[in-house]
Amino acid sequence: MYHVKMAGITITLDFKHDRYVSDIVRTYLLSDQERTQHFLTIDYVDEINIQTNKKHRIFSKNKESIHAMMYYDDDFKHTQVLVKKDAFANDFLDQLEYIYFGMIFLEISFLYGFLPLHGSVIAYQNQGLMFSAPSGTGKSTHTRYWQTH
């Protein structure tokens, strides 16, 4: 379980496969004394059946069954993601959890008036310069280069 603060938003993350997430959230960890505003849990279940009395969003399905979905309240204070066991390859589950966290964080950030962007930023002449591109293309490498030169 991780307690993180990103863009001033505090979230408790309860992941089951955190190999990928633990590296990414390390710089955003909170002290145990700080309270979190949002709670996100991911649970693996045998079957997913929609509870119509709860707000929900389906992430993945086929003709036979729902593979992943979330239940949430109005302010995303409590969000539960359900993933059907054996619907995804085991070596992909840590990345899957990270992707779902990103989708939910996007929704939460809108509540605070933010629009998240994927990038790496440096300060230059009292301004921020952002390198934005798909993962793995070298944004952080460029940021480190510009910081040293």
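Which pattern does the protein chain follow when read along the sequence? Hi everyone, let me start there. The pattern runs β-β-α-β-β-β-β-α-β-β-α, which comes to three helices and eight strands in the protein chain. Please keep in mind that this is a predicted model.

A few words on overall dimensions. Taken along the principal axes, the C-alpha atoms fill a box of roughly 55 × 30 × 25 Å. The protein chain has 149 residues, and 34% of them count as buried.

Let's go inside. Which residues of the largest nonpolar core touch the most other members? The core has 27 residues, and the ones with the most contacts to other members are Ile-11, Leu-13, Val-81, Val-83, Tyr-100 and Phe-101. Several elements each supply at least two residues of this core: the strands β1 (2-6), β2, β3 (38-45), β5 (66-72) and β6 (78-84), together with the helices α1 and α2. Of these, α2 gives the most, with seven residues. So please keep an eye on α2, as we will meet this helix again.

Two of those core residues, Tyr-100 and Phe-101, bring us to the rings. The whole structure holds five aromatic pairs. Take Phe-15 and Phe-101: the ring centres are 6.3 Å apart and the planes stand at 80 degrees, so this is an edge-to-face pair. Phe-15 sits in the loop between β2 (9-14) and α1 (19-25), while Phe-101 belongs to helix α2 (residues 93-111), so the contact ties together parts that are 86 residues apart in sequence. Are these two buried or exposed? Phe-15 is buried at 7% relative accessibility, and Phe-101 is buried with a relative accessible area of 5%.

The next pair has another geometry to look at. Phe-59 and Tyr-100 are stacked, with 4.5 Å from centre to centre and 20 degrees between the planes. Here too distant parts of the chain are linked: Phe-59 is in strand β4 (residues 55-61) and Tyr-100 in helix α2, 41 residues apart. Tyr-100 counts as buried at 5% relative accessibility. Phe-59 has a relative accessible area of 19%, and the cut-off for buried is under 20%, so Phe-59 counts as buried as well.

What do ring pairs make of Phe-15, Phe-101 and Phe-105? They link the three into a cluster. And for those of you who enjoy a charge over a ring, Lys-54 lies over the face of Tyr-71, 5.2 Å from the ring centre.

Now for the salt bridges. How many does a search of the whole structure find? The search gives six, and I'd like to walk through some of them.

One joins the side chains of Lys-55 and Asp-74, at 2.1 Å from N to O. Lys-55 is in strand β4 and Asp-74 in the loop between β5 and β6, so this bridge ties together parts that are 19 residues apart in sequence. Lys-55 is partly exposed at 40% relative accessibility, whereas Asp-74 is exposed, with a relative accessible area of 55%.

Strand β4 also carries Arg-57, whose partner Glu-107 is in helix α2, 50 residues apart. The side chains of Arg-57 and Glu-107 meet in a salt bridge of 3.0 Å, N to O. Both ends are partly exposed, Arg-57 with a relative accessible area of 30% and Glu-107 at 25% relative accessibility. Salt bridges with shared partners also join Asp-14, Lys-16 and Asp-43 into one network. Within this network, the closest N and O atoms of Lys-16 and Asp-14 are 3.6 Å apart, and Lys-16 is partly exposed at 38% relative accessibility.

Last stop, the surface. Which residues make the nonpolar surface patch of about 590 Å²? They are Leu-106, Phe-110, Leu-115, Leu-117, Val-121 and Met-130. Of these, Val-121 is found in strand β7 (residues 119-124).

To pull one thread together: helix α2 gives the most residues to the largest core, holds Phe-101 of the edge-to-face pair and Tyr-100 of the stacked pair, and carries Glu-107, the partner of Arg-57. Thanks for listening!

Terms used
Residues are numbered from 1 along each chain as its sequence is written. This is a predicted model: local features need pLDDT of at least 70, side-chain atom pairs count only at pLDDT 80 or more; totals for chains, interfaces and linings use all residues. Side-chain values use heavy atoms; hydrogens and water are left out. Rings of Phe, Tyr and Trp (its six-membered ring) pair if their centres lie within 6.5 Å; planes under 30 degrees apart count as stacked, over 60 as edge-to-face and the rest as tilted. Helices (H or I, at least four residues) and strands (E, at least two) are DSSP runs, numbered from the N terminus. Buried means under 20% relative accessible area, exposed over 50%, partly exposed in between (1.4 Å probe, protein chains only). A charge sits over a ring if NZ of Lys or CZ of Arg is within 6 Å of the ring centre and within 35 degrees of the ring normal. Patches are made of residues with over 30% relative accessible area and no salt bridge: like charges are joined within 9 Å, nonpolar side chains (Val, Leu, Ile, Met, Phe, Trp, Tyr) within 5 Å. Accessible areas come from the Shrake-Rupley method with a 1.4 Å probe; for residues, only the protein chains shown count as cover. A salt bridge is a side-chain nitrogen of Lys or Arg within 4 Å of a carboxyl oxygen of Asp or Glu. A nonpolar core is a set of buried Ala, Val, Leu, Ile, Met, Phe, Trp, Tyr and Cys residues joined through side-chain atoms within 4.5 Å.
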